[in-house]
Amino acid sequence: MADNSVPSFKASDLVIQLSSTLKAKSDVFTFGTVFTDHMLTIEWSATEGWQAPLIQPFGNLSLNPACSSLHYGIQLFEGLKAYRGDDNRLRLFRPMLNMNRMANSAKRACLPAFDQSELLECIRRLVEIDQDWVPQSDSASVYIRPTFISTEPTLGVKKPAQALLYVILCPVGAYFNTGGKGLSLWADPKYTRAWKGGTGDCKMGGNYGCSLSAQYDAVDYGCQQVLWLYGEDHQITEAGTMNIFLHWINEDGDEELATPPLDGIILPGVTRQSILELTREWDEFKVTERYLTMSQLCCALKQQRVKELFGSGTACMICPIEDIVYQGENLHIPCQEENSQLTSRIAKELTDIQYGRTPSDWTFLV
Ligand SMILES: Cc1ncc(COP(=O)(O)O)c(C=O)c1O
């Protein structure tokens with residue numbers, strides 16, 4: 001529903017300039033390398049407010065070299081997907097959660113507010129226009145990347161007086177190529193992804209750029225991703241760019257699915273929220289948002305109380321974790337032996353919703 005209290009662009013003002021030539025589509029979907037024919041751009045300035053949204057041919061942006069997104073990282077982004085169902089309809093999965101998270105990130109970045117449902121309607125139109133790019137496949141989709149940058153053309157760290165919100169789309173397949181194995185993670189407390197009072201709960205580029213050297217250290221140690229730890233007690237926070245879940249028999253002997261609480265250092269993942277809601281509805285075991293430390297995990301592994309450890313996120317949905325390199329040791333998680341039962345069940349229930357096999361009010365028809 002439109003929120004008239006926020007000055008915003010309106011989807012009804014959308015201007016559409018279709019591309020005169022369409023690109024050839026290929027079946028190889030390497031994440032984020034190929035983009036569809038069109039993009040959405042919406043300009044804002046402190047003096048003029050929001051301009052009419054524009055869908056135009058995909059192309060380069062022209063930016064003043066002084067613009068503060070380039071110098072001070074005043075920018076943010078989102079990530080969601082459009083799925084083509086067995087019924088040939090296109091669906092987005094809980095897109096208002098992304099719109100709300102984007103609005104929260106914008107507030108933290110001192111970028112202007114907008115009406116989230118108006119943005120969603122503009123995105124719906126963009127996906128509709130480029131609908132032929134959404135693959136007919138259970139393992140592929142179109143990734144939607146809303147981005148919001150300061151275009152303030154002056155040096156000086158200040159609240160931007162000019163900004164650009166834009167959305168690009170790319171067809172994607174499987175995010176990780178682990179050859180059917182679980183992920184391997186490298187856990188070293190010398191790096192921190194996010195900290196209390198920081199921006200770890202916002203989707204800002206700076207959170208990702210500064211994680212890159214740790215990611216390459218992980219690769220040097222023979223691992224695929226970083227397991228981000230926090231604090232003196234080596235709290236487990238996130239895995240790469242995923243939220244993390246532990247399915248185990250906890251210290252009290254109860255079967256539990258646990259994930260760290262949203263205390264400011266965790267990104268509030270849409271998949272995370274959906275897994276919590278789904279498994280709480282099953283009501284088959286405890287589902288808890290709680291702190292988990294490496295020593296608790298090591299102890300549970302020794303006592304064979306760990307059932308599964310997995311990451312969750314839009315890009316990969318759910319990804320079992322099989323190994324963790326920590327303090328010179330390789331901790332093996334029994335995901336293959338147990339056949340990843342919970343992971344497979346959650347993945348099936350969520351994909352059935354995303355591809356329209358299970359009717360759900362979590363989907364938004366394009
Ligand atoms: C740091 C981080 N954690 C978790 C997630 C998972 O969030 P979502 O489930 O909304 O994709 C992402 C991906 O956006 C991320 O970048």
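**Exercise 1.** In this predicted model, work out which partner Glu-256 meets in a salt bridge, and how far apart the closest N and O atoms are.

*Solution.* Start with the pair: Glu-256 forms a salt bridge with Arg-290, and their closest N and O atoms are 3.2 Å apart. Next, place each partner. Glu-256 sits in strand 14 (residues 255-259), while Arg-290 belongs to the loop between strand 15 (286-289) and helix 7 (294-302), so the salt bridge ties together parts that are 34 residues apart in sequence. Finally, check accessibility against the cut-off for buried, under 20% relative accessible area. Glu-256 has 2% and counts as buried; Arg-290, with 15%, is buried too.

**Exercise 2.** Find two salt bridges in helix 3 and decide whether their partners are buried or partly exposed.

*Solution.* Take Glu-121 first: its salt bridge is with Arg-124, with the closest N and O atoms 2.9 Å apart. Both belong to helix 3 (residues 116-129), and being 3 residues apart they are separated by about one helical turn. Here is the geometry behind that: an α-helix has 3.6 residues a turn, so residues three or four places apart point the same way. Glu-121 is partly exposed at 28%, whereas Arg-124 is buried at 16%.

Now move along to Arg-125, which pairs with Glu-128, the closest N and O atoms being 2.6 Å apart. These two are also 3 residues apart in helix 3. Arg-125 is partly exposed at 25% relative accessibility, and Glu-128 is partly exposed at 27%.

**Exercise 3.** Describe how domain 1 and domain 2 meet.

*Solution.* Begin with the bounds: the domain assignment gives domain 1 as 11-173 and domain 2 as 183-354. Their C-alpha centres lie 28 Å apart. For contacts, 18 residues of domain 1 touch 21 residues of domain 2. Together the domains bury about 1,800 Å², with 58% of it on carbon and sulfur atoms. On the domain 1 side, Phe-93, Arg-101 and Arg-108 supply 35% of the area buried against domain 2, more than any other three residues. Last, count the salt bridges across the interface: there is 1.

**Exercise 4.** Locate Lys-203 and say whether it is buried or exposed.

*Solution.* First, the record: an unreviewed UniProt entry lists Lys-203 as a modified residue, N6-(pyridoxal phosphate)lysine. Then the position: Lys-203 is in the loop between strand 10 (183-187) and helix 4 (205-209). Its relative accessible area is 11%, so Lys-203 is buried. To finish, list contacts beyond four places in sequence: among them are Phe-77, Glu-78, Arg-101, Tyr-208 and Leu-267.

Technical notes: Residues numbered from 1 in each chain as written. Predicted model: local features only at pLDDT ≥ 70, side-chain atom pairs only at ≥ 80, totals over all residues. Heavy atoms only, no water. UniProt positions renumbered as here; feature names shortened; annotations may be inferred. Helix = DSSP H or I, 4+ residues; strand = E, 2+ residues; numbered from the N terminus. Buried < 20%, exposed > 50% of the residue type's maximum accessible area, 1.4 Å probe, protein only. Contact = heavy atoms within 4.5 Å. Domains from an automatic or database assignment. Buried area = accessible area lost by both parts, 1.4 Å probe. Salt bridge = Lys/Arg side-chain N within 4 Å of Asp/Glu carboxyl O.
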